[in-house]
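Reader: I am new to this structure. Can you walk me through how to read it?

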Amino acid sequence: MTAEPSSRGLDRFFAGMAENVFQSQLGVADPPMVDYLSQLLIRFIRMDAVQRVRNPRGKQLGAIGEMLSEAEARVGDARREVHRHIGDFALFWAGIYPETLRRARGAEAYDFYGDYCQHGKHAYYIASTIEASSETDANNDVLQRLSKEFEMCAYGLREVRREWERSHEGDDPPLLLS
């Protein structure tokens with residue numbers, strides 16, 4: 001994936017922050033996985049990338065259940081790509097905004113965090129078992145490690161969020177772009 005010139009500073013910002021958190025703080029010496037995670041942050045800065053899976057009628061799918069149904073209706077690279085996106089989607093929310101996954105419904109509170117972790121791990125695993133048709137998309141080893149280390153990656157992304165919030169103290173917190 002080639003970054004646009006205007007986003008290179010942001011690329012370096014997230015890459016440096018992800019490297020620092022995962023390698024220095026967590027002791028994770030896995031450059032391909034850390035690169036993948038920093039690129040996930042770059043991609044998901046735009047809300048249209050977060051909700052990029054669409055059904056055949058063009059409707060954006062923003063719920064994991066809807067995306068899972070769509071993934072199962074596809075084959076080959078398209079199926080792999082939707083499962084990978086489900087993993088990315090679940091990891092992004094579980095890592096960067098876990099507080100949004102804990103909601104009260106009436107008198108009952110439900111924690112979606114565990115569901116997101118379970119679905120994300122499974123989606124990454126499925127994506128890792130489908131061979132990519134192009135060498136540039138062949139990151140099955142990374143997807144398999146993301147499946148196995150999902151909770152640790154979510155924790156690391158929470159630490160990345162803390163770092164970027166510290167680096168912007170006094171400013172409004174960073175938001176997704178639409």
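Reader: How many residues does the largest nonpolar core have, and which have the most contacts inside it?
Author: This is a predicted model. A nonpolar core is a set of buried residues joined through their side chains. Here the largest one has 49 residues. Phe22, Leu37, Leu91 and Leu146 have the most contacts inside it.

Reader: Which elements give two or more residues to this core?
Author: Eight helices appear in the list: helix 1 (8-25), helix 2 (31-43), helix 3 (47-50), helix 4 (64-73), helix 5, helix 6 (113-129), helix 7 (140-148) and helix 8. Helix 5 gives the most, with nine residues.

Reader: Take Leu91. Which residues does Leu91 touch?
Author: Leave out residues up to four places away in sequence. Leu91 then touches Leu37, Leu40, Ile96, Tyr124, Leu146, Phe150, Cys153, Ala154 and Leu157. Two of these, Leu37 and Leu146, are also among the residues with the most contacts in the core.

Reader: Cys153 is on that list. How many disulfides does the structure hold?
Author: A disulfide is a covalent bond between the sulfur atoms of two cysteines. This structure holds zero.

Reader: Are Cys117 and Cys153 buried or exposed?
Author: Buried means under 20% relative accessible area. Cys117 has 4%, so Cys117 counts as buried. Cys153 is at 0%, so Cys153 is buried too.

Reader: Now the charged side chains. How many salt bridges are there?
Author: Look for a side-chain nitrogen of Lys or Arg within 4 Å of a carboxyl oxygen of Asp or Glu. By this rule the count is twelve. One of them pairs Arg79 with Glu72, with the closest N and O atoms 3.0 Å apart. Arg79 is partly exposed, at 22% relative accessibility. Glu72 is partly exposed as well, at 47%.

Reader: Where do Arg84 and Asp88 lie, and are they buried or exposed?
Author: Both sit in helix 5 (residues 76-96). They are four residues apart, so about one helical turn separates them. Their closest N and O atoms are 3.1 Å apart, in a salt bridge. Both residues are buried.

Reader: Which parts of the chain does the pair Glu99 and Arg161 link?
Author: First, the bridge itself: the side chains of Glu99 and Arg161 meet at 2.9 Å, N to O. The pair links distant parts of the chain, 62 residues apart. Glu99 is in the loop between helix 5 and strand 1 (102-105), and Arg161 is in helix 8 (residues 150-167). Glu99 is partly exposed, at 42%. Arg161 is buried, at 18%.

Reader: Which residues do shared salt-bridge partners join into one network?
Author: Arg43, Glu81, Arg84 and Asp88.

Methods:
Residues numbered from 1 in each chain as written. Predicted model: local features only at pLDDT ≥ 70, side-chain atom pairs only at ≥ 80, totals over all residues. Heavy atoms only, no water. Disulfide = S-S within 2.5 Å. Buried < 20%, exposed > 50% of the residue type's maximum accessible area, 1.4 Å probe, protein only. Core = buried A, V, L, I, M, F, W, Y, C linked by side-chain atoms within 4.5 Å. Contact = heavy atoms within 4.5 Å.
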